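Here is a short tour of one protein chain, from its overall layout to its surface and its pockets. Take a look at the model, and then read on.

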Amino acid sequence: MLNMSLRTTIAATAAALSLALPVAASAAELKVAYVDLQKVMLEVDDGKAAKSRLQKWLDDRQKEIDKEQNALRAEKETLDKQASAMSAESKAQKEAELQRKVMLLAQKWEKSRAEAANKEQQEMKPIIDKIDSIINTIAERDDLGFVLERRDSGIVYARSQHDISNEVIRAYNSSKKTAAKDAPTKK
């Protein structure tokens with residue numbers, strides 16, 4: 001009986017190995033890399049410049065909103081000080097007007113946030129397209145079967161030797177310098 005179960009176990013193991021070996025062999029040929037797109041976007045020269053432009057735009061909008069908010073605070077303080085000398089009708093009218101201004105400022109802030117998201121998308125789209133092109137070039141050159149995005153792919157661990165982020169950054173920045181060098185000059 002032992003002999004029969006040993007043969008069955010050996011046969012089952014051999015069958016499993018025969019099925020697993022072709023899969024393992026083809027997996028060994030499959031080359032995979034990953035890229036940290038967030039890092040790439042923040043470190044390429046165009047990404048840094050876009051981030052700087054966006055930050056300046058956001059800071060300018062924030063200054064406008066802060067200025068209006070401070071004016072509304074001052075208006076409320078004045079209203080609070082003068083409230084006792086006003087008629088109930090006049091006080092209610094001034095409070096309603098102040099509330100309307102607060103609502104308009106809140107709407108302006110929301111609109112500014114939506115504009116910021118739209119502006120960021122417009123600034124980043126050409127950069128993302130170029131990054132994608134560079135990743136495709138590297139993948140074709142190195143015969144990579146997959147290039148995964150580090151943050152959104154579910155990668156829990158990967159060896160740093162498979163990270164092509166720095167290579168993408170170098171290729172992106174050097175392509176800008178090469179394009180500038182090859183550009184025709186005015187005489």
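## Order of elements

Follow the protein chain along its sequence and you will meet the pattern α-β-α-α-α-β-α. That makes five helices and two strands. Please keep in mind as you browse that this is a predicted model.

## Contacts and surface

How do the contacts spread along the sequence? Take the contacts in the protein chain between residues at least 6 apart in sequence: 87% of them join residues at least 24 apart.

Of the 187 residues in the protein chain, 19% are buried. The chain exposes about 14100 Å², and 56% of that area is supplied by carbon and sulfur atoms.

## The largest pocket

Now for the largest pocket, which holds about 200 Å³ of space. Which helices supply at least two residues each to its lining? They are helix 2 (37–43), helix 3 (45–82) and helix 4 (88–141). Helix 3 gives the largest share of the lining, with four residues.

If you would like to find the pocket on screen, select Met41, Leu42, Lys51, Leu54, Gln55, Leu58, Ala116, Glu120 and Met124, which line it. By character, the lining divides into six nonpolar residues, one polar residue and two charged ones. Lys51 and Glu120 are the charged pair in this lining, while Gln55 is the polar member. Among the nonpolar lining residues are Met41, Leu42 and Ala116.

Technical notes. Residues are numbered from 1 along each chain as its sequence is written. This is a predicted model: local features need pLDDT of at least 70, side-chain atom pairs count only at pLDDT 80 or more; totals for chains, interfaces and linings use all residues. Side-chain values use heavy atoms; hydrogens and water are left out. On a 1 Å grid over the protein atoms alone, a cavity is a set of points where a 1.4 Å probe fits but cannot get out, and a pocket is an open set with protein on both sides within 12 Å along at least five of seven lines; lining residues have an atom within 4 Å of a point. Grid points are joined across faces, edges and corners, and a volume is the space filled by probe spheres set on the points. Buried means under 20% relative accessible area, exposed over 50%, partly exposed in between (1.4 Å probe, protein chains only). Contact means heavy atoms within 4.5 Å. Accessible areas come from the Shrake-Rupley method with a 1.4 Å probe; for residues, only the protein chains shown count as cover.
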